[in-house]
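User: I am new to this structure and would like a close look at a single part of the surface. Please take me through it slowly, and then set it beside the charged side chains.

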Amino acid sequence: MTKAATALLADIDRDTVDFQDNYDGKELEPVVLPARIPNLLVNGAGGIAVGMATNIPPHNAAELIDACLLLLQRPEATTADLMERVQGPDFPTGGVIVEPRASLLETYETGRGGVRVRARWTREELQRGGYQIVITEIPYQVKKADLVEQLAELIDNKKA
């Protein structure tokens with residue numbers, strides 16, 4: 001196993017987590033993995049169950065560990081205190097979070113809300129006074145082909 005997989009399973013044999021029957025009841029499986037870091041927040045998750053949906057965005061592992069250390073030092077730390085360590089979601093494709101800090105704080109406190117992300121871009125000057133826009137990071141879960149199609153439509157309609 002990789003180091004990451006080994007870390008996720010560390011101490012599983014020391015009664016650190018509860019076990020439940022697997023799908024056919026022939027074996028036991030852990031209810032959760034005894035990870036030493038908040039793996040669910042690092043990798044994010046999404047799902048739907050009985051009329052409820054969840055979508056947890058991925059976060060920066062180092063920021064989450066700093067927040068965990070803060071909670072160990074100060075169990076009474078507030079969400080605002082934790083947000084001094086965790087700046088917000090950390091998307092693998094990059095992009096720029098345009099959500100105000102107050103909105104992110106409310107989302108973290110209530111579990112309801114969203115995070116708006118825009119592409120990161122630069123303007124490159126061309127010969128004869130022209131320029132081109134270069135997109136360097138696209139928002140999380142945006143399909144590149146769809147983005148190219150929408151940009152082409154804007155150009156065709158002379159809106160870009």
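Analyst: Y131 counts as partly exposed, at 44% relative accessibility, in what is a predicted model. The place of Y131 is in strand β8, a strand that covers residues 131–137. On the surface, Y131 belongs to a nonpolar patch of about 570 Å², which is made together with W121, I133, I135, L151 and L154. Two or more residues of this nonpolar patch come from β8 and likewise from α6, the helix that spans 144–156. The largest share, three residues, is the contribution of β8. A residue enters such a patch only with over 30% relative accessible area and no salt bridge, and Y131 passes the first of these conditions because its relative accessibility is 44%.

Strand β8 also takes part in charge pairing, for the side chains of E137 and R120 meet in a salt bridge, with 3.1 Å from N to O. E137 lies in strand β8 and R120 in strand β7, which runs over residues 120–125, so this pair ties together parts that are 17 residues apart in sequence. With regard to the surface, E137 counts as partly exposed at 25% relative accessibility, and R120 counts as partly exposed at 38%. Another salt bridge joins R123 to E125, where the closest N and O atoms are 3.0 Å apart. R123 counts as partly exposed, at 47% relative accessibility, whereas E125, at 55%, counts as exposed.

The structure holds six salt bridges, and a further one of them links R74 with D81, whose closest N and O atoms are 2.8 Å apart. Here R74 is partly exposed, with a relative accessible area of 33%, while D81 is buried, with a relative accessible area of 17%. These two residues are also linked with E76 in a network of salt bridges. As a general matter, side chains of opposite charge can pair when their charged atoms come close.

The surface has a charged patch as well, a negative one that is formed by D21, D24, E27 and E29. Among these residues, D24 is found in the loop between β1, residues 19–21, and β2, residues 28–30. D24 is partly exposed, with a relative accessible area of 35%, a value that satisfies the requirement of over 30% for membership of a patch.

Notes
Residues numbered from 1 in each chain as written. Predicted model: local features only at pLDDT ≥ 70, side-chain atom pairs only at ≥ 80, totals over all residues. Heavy atoms only, no water. Patch = residues over 30% accessible without salt bridge, like charges linked within 9 Å, V, L, I, M, F, W, Y side chains within 5 Å. Areas by Shrake-Rupley, 256 points an atom, 1.4 Å probe, with all protein chains shown as cover. Salt bridge = Lys/Arg side-chain N within 4 Å of Asp/Glu carboxyl O. Lys, Arg positive; Asp, Glu negative; His and termini not counted. Charge placed at Lys NZ, Arg CZ, Asp CG, Glu CD. Helix = DSSP H or I, 4+ residues; strand = E, 2+ residues; numbered from the N terminus. Buried < 20%, exposed > 50% of the residue type's maximum accessible area, 1.4 Å probe, protein only.
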